[in-house]
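Hi everyone, thanks for coming. Today I'd like to walk you through the empty spaces inside a structure that's new to most of you. Let's put it on the screen.

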Amino acid sequence: MATFRLPPFAAPDAASFGRALVQAAESTAQRNPADLYLFPGLLALGLLPQFDLADPEGSALADASLKDAYLAAGSYAARTLGAVVIPGTVYLVTPQGRLQQYAAVFDRQGNLVGEQLQTHRDAVVQAVSDEISPVAVDAGVKVGLLVGRDAWYPEVSRILTLQGADILLAPLAPPAPYPSEEALWGLWQEVQQNQVFGVEAGLFGMLGDLAYAGRAAIVAPCEMTEDDSGFLPRPGYFVGTGAQVATLRVDDIQKVRRDYPLLRHLNPGLYRKYLPLVYRRLP
Amino acid sequence: MNVRDFTLQFMLQMRSRPGRIAGRLRRRGFRHKVRTPEVGVVRAAAVQLEWRLCETAEEFVDLVYDTVRAAVAEGAELIAFPEDTASLLVGVMPGLGPMLRRATVDEALRQVGDDVQVADLFRLLGRATRRIYETTFSTLAHGYGVHIAAGSAVLPIADQRVLNIGHLFTPEGRILRQTKCHLMPLEEEWGLAAGEDLEVFDTALGRIGLPVCMDATFFETFRILRQLGAEIVVLPMADPEYPYSPWKALRGIWPRVQESQVFGVQGALVGEALGMRLTGHAGIYAPLALTEHGDGRLAVSDRPEGEAIVLADLDVTALRRLREEQPLQLNPALYERYFPRVYSGFWRGGTH
């Protein structure tokens, strides 16, 4: 498993974006080839240096070819690397001119095997999906995608986990500042309360006028790390440039779940009474 | 009831007479510093209490009195005790105190009989525990004019189930109760039952939720409470995690406060208790944006062992403003689509 902290790629077209993905992966692969590469969110916006989030309809984001370029590059990278690839995320624009955030999963042959739209609105993304499912990627391993702010809504990780996800993948592009405390109550926390692996990729640097401050991390339940931190590799969130690599064995997660079956202590009788009805209340 | 049981109950009732307890507290008095409360701001105290065996009601009463008095002296209006505060009272059971000094509660009970569960002990002690516990805290809440979240007490209810129940005592004499909904494995072994209701209580200090310890491991608890209107969540805890792990401790109240935009006040029971070594911090938590250092901590005890009282002001007005400025962007359509299915699949024995 490899995840990245990278600045936006200044790639003028799909082919160069795909090559940039492969190049970043190969710098890691020379040392330690990975079965899955997770790239930061919004990396593909480097294809559109003139984008304007305040005016998506009027900007180049409205160009459907952006999604096509993103998909072509992701497929190329997966094929070339012979690995599962999530090429970050990309913005899409609805016919009403509202932004969505989208991520795709490619198998080792470059086939599109999973797609996910962000499910919770944020300051930028105003059109969201109400569908979410894990994606089977390899040897029975299922991954769940946390797109954008979804990593901070525990409902998403819970739904994915109870549908069988073993690994939560968060290709993020958090605006600066992004302090470690905010990161900790995102993916790290979801990993702990669901006993799954989690992988976070982070965009950093400037994209247009916006500053991003992503981090990268590979996280496991605290019980799986000697120092209890849950970070694989240690010591914690990576804030350099490049990749973080770790080997995740789903069998190890199963052992943690057997030793302490946390989710056996869920209280469905309680939830049945209040969820989802209580969400219709506006406190 | 046979003669032995009758005698035992008689002794327990004599040891837990409310008049004696209230009289002792009144004799000690309720002098306190008068503080003019700020509108919309609640001064909270979180208590870190070292477990000890109280073999008489008076020992318990004095301990609680001293703790409350110290918090009130600092201007506290809401005082939060740890989970299982009432467990200090198992020592009032005749003969059990000396046994518990030498053995765990399970070992001690095995000397009584192979089929005796810990829950049976709580059933036997229930009436006396309730009298001492409720009389002590309600007298103090009224006497000092403060709200006391008295941690929790393991008590039998009418249908013979034994529950771990959080309590809040108000100055006007109300006793508000919340049953723990997510049990630790040990509590299940002990024969306790879990609750299936959550409530938010309207008080003079704001809207308060009272889940108990392990309830904070599951985001669902705080989310339900938030949606029911909670602004302050008081969480009594007693964590049998030794040695203390700051990372594992980070899986409780702190992220729940962030996810749900509430204040969190956590009392912690520490020390050797019934064969366990308990560690943890008393602490008061807030959303990151409402804390000086952006770390979500308003006040946290220095060490995860030993006794402490930490205090902080909860600015409920600022919390309401934050919620308006940064509202949660929930997606009910998503939850309606999946929750009934994923939870009920799990209910039927599904695994992940």
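So, what's a cavity here: on a 1 Å grid over the protein atoms alone, it's a set of points where a 1.4 Å probe fits but cannot get out, and its lining residues have an atom within 4 Å of a point. Grid points are joined across faces, edges and corners, and a volume is the space filled by probe spheres set on the points.

Bear in mind that this is a predicted model, where totals for linings use all residues. Residues are numbered from 1 along each chain as its sequence is written, and chains are lettered from A in the order in which they're written.

Searching the whole structure turns up three cavities of 30 Å³ or more. The largest is about 180 Å³. It has 18 lining residues, and Asp84(B), Leu186(B), Trp190(B), Ala238(B) and Met276(B) sit closest to its centre. H7(B) gives the largest share of that lining, three residues (helices, H or I, at least four residues, and strands, E, at least two, are DSSP runs numbered from the N terminus). By type, the lining has 14 nonpolar residues, one polar and three charged (Ala, Val, Leu, Ile, Met, Phe, Trp, Tyr, Cys and Pro count as nonpolar, Asp, Glu, Lys and Arg as charged, the others, Gly among them, as polar).

Next, the second largest cavity, at about 60 Å³. Among the residues lining it are Asp84(B), Phe122(B) and Val154(B). Helix H6 (118–144) and strand S3 (147–156) of chain B each give two or more residues to that lining, with H6(B) supplying the largest share, three.

Notes. This is a predicted model: local features need pLDDT of at least 70, side-chain atom pairs count only at pLDDT 80 or more; totals for chains, interfaces and linings use all residues. Side-chain values use heavy atoms; hydrogens and water are left out. On a 1 Å grid over the protein atoms alone, a cavity is a set of points where a 1.4 Å probe fits but cannot get out, and a pocket is an open set with protein on both sides within 12 Å along at least five of seven lines; lining residues have an atom within 4 Å of a point.
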